Amino acid sequence: MKKKTTPKPASIAPASVLISNAKPARRQNVETQSDGPKKLPWGEGERLQKVLAKAGVGSRRVAEDMIAAGRIEVDGEIVREQGLRIDPQNAVVRVDGVRIVVRDEQVYLALNKPKGWQSTMSDEMGRPCVGDIVAERVAAGQRLFHVGRLDADTEGLLLLTNDGDLAHRLMHPSFEVPKTYLATVNGEIKDRNVAKRLKDGVELEDGPASVDRFQVLEVGEGKSLVKVVLHEGRKHIVRRLLAAVGFPVTALVRTHLGPVALGDQRPGTLRALGRDEIGKLYEAVSL
């Protein structure tokens, strides 16, 4: 008789914090700007190579080589001119087709929200919330807000930023940014029709909903560990979908939001997103 395996709990093991160093993809869905980079009067703005160095692209020397190689775009046009001055507050700069952050005050953070914590910046009932974790940053003047929510019983990836345009697009359903979850459910899922039902769509009290992908990872001792990918953003959508097909959730973790992965980040910790991750988020929402 085949030995059953016990599914691992849907949680992320403590380990070192990792930042992706993946090579940026070539651009997609880039807005067209016909006017090209706006040339500023002498003494105004900042030199492009200095802006690139501050953004973490490389040293000024490396930035100059990249400009010479035609790898840098400003406002939709390739720039080969050394010493071009730009306005970091308004210019759209791309390296190898991927947009980069050039404004000093912009902040992009990944939080592993612990189970039992509220996805709010404050809580009238005194319960632990996301705002407690970033309290020092807020006190220092950073105006942060979270991208979407996770219910109190769900742990995992939550993005925090002060980039309103990016946050709005990431939450807007028209951009269909995928979210990935690991869920432990009651019941052993052995019927392939469960996946088909979830992909075809399930009628919920507030309308039909479906998943993009569904995979059973482990089954044993009356439980299953599954991976769910969907772009829906309705309240408790993963829990409600799985309950509707007969497998109520007992533990839930969000592991990915678009191109950003939680990885081995410990619950309750923050990390700054890497340049490549931010560029891919921009790309995902056509910024």
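Two strands count as paired if DSSP finds at least two bridges between them. Keep that in mind for strand 10, where we start our walk through this predicted model. In strand 14, the residue bridged to Ala183 is Val226. That bridge belongs to a longer run, for strand 10 and strand 14 pair in the antiparallel sense over eight bridges. Strand 10 also pairs with strand 15, again in the antiparallel sense, this time over seven bridges. Look there for Lys179, whose bridge partner in strand 15 is Leu257. As for how such pairing works, strands of a sheet are held through backbone hydrogen bonds, either parallel or antiparallel. Seven of the eight residues of strand 10 are buried, so this strand is largely enclosed by the rest of the structure.

Let's step back for the overall picture. The protein has eight helices and 17 strands. Of its 287 residues, 45% are buried. Take the contacts in the protein with a separation of 6 or more: 69% of them are accounted for by residues 24 or more positions apart.

Now for the inside. The largest nonpolar core has 32 residues, and Leu198, Phe214, Leu230, Leu241 and Leu242 are the ones with the most contacts inside it. Plenty of elements chip in at least two residues each, including strand 7 (108-113), strand 9 (154-161), strand 10 (179-186), helix 6 (193-200) and strand 14 (223-230). Helix 7 provides the largest share of this core, with four residues. To see how the parts meet, click on Leu242 and leave aside its neighbours within four places in sequence. Leu242 is then in contact with Ala183, Val185, Leu198, Phe214, Val226, Val228, Phe247, Pro248 and Val249. Two names on that list should ring a bell: Ala183 and Val226 are the bridge partners we met at the start. Apart from this core lies another, of 20 residues, and among them are Leu170, Ile278, Leu281 and Tyr282.

Before following that second core, stay with strand 14 for a moment, since Ser224 is found there. With a relative accessibility of 0%, Ser224 counts as buried. Where does the side chain of Ser224 reach? The target is the backbone oxygen of Gly187, at 2.7 Å.

A similar story plays out at Thr269, in the loop between strand 16 (260-261) and strand 17 (270-272). Thr269 has a relative accessible area of 18%; the cut-off for buried is under 20%, so Thr269 is buried. A polar atom of its side chain lies 2.5 Å from the backbone oxygen of Arg266. Not counting residues up to four places away in sequence, Thr269 touches Ala110, Leu111 and Asn112.

Next, go to helix 8 (residues 275-284). Seven of its ten residues are buried, so helix 8 is largely enclosed by the rest of the structure. The buried ones are Asp276, Glu277, Ile278, Gly279, Leu281, Tyr282 and Glu283, and three of these names, Ile278, Leu281 and Tyr282, turned up in the second core. Just after the helix comes Ser286, which has a positive phi, near 60°.

Tyr282 deserves a closer look. The structure holds one aromatic pair. The rings of Tyr108 and Tyr282 have centres 6.4 Å apart and planes at 80°, so the pair is edge-to-face. Tyr108 sits in strand 7 and Tyr282 in helix 8, so the pair ties together parts that are 174 residues apart in sequence. Are these two tyrosines buried or exposed? Both Tyr108 and Tyr282 are buried. Tyr282 has another partner as well, because Arg99 lies over the face of its ring, at 4.5 Å from the ring centre.Arg99 leads us to one last stop, the open sheet of four strands in the order 3-2-5-6, with antiparallel pairing. Its edge strands are strand 3 (77-78) and strand 6 (98-99), each of which pairs on one side only. Further in, strand 2 (residues 72-74) and strand 5 (residues 93-95) pair in the antiparallel sense over three bridges. Here Val74 stands opposite Val93 in strand 5.

Definitions and conventions
Residues are numbered from 1 along each chain as its sequence is written. This is a predicted model: local features need pLDDT of at least 70, side-chain atom pairs count only at pLDDT 80 or more; totals for chains, interfaces and linings use all residues. Side-chain values use heavy atoms; hydrogens and water are left out. Buried means under 20% relative accessible area, exposed over 50%, partly exposed in between (1.4 Å probe, protein chains only). A nonpolar core is a set of buried Ala, Val, Leu, Ile, Met, Phe, Trp, Tyr and Cys residues joined through side-chain atoms within 4.5 Å. Contact means heavy atoms within 4.5 Å. Rings of Phe, Tyr and Trp (its six-membered ring) pair if their centres lie within 6.5 Å; planes under 30 degrees apart count as stacked, over 60 as edge-to-face and the rest as tilted. A charge sits over a ring if NZ of Lys or CZ of Arg is within 6 Å of the ring centre and within 35 degrees of the ring normal. A polar contact is a pair of N or O atoms within 3.5 Å; within protein, one must be able to donate a hydrogen and the other to accept it, and residues adjacent in sequence count only if both atoms are side-chain atoms.
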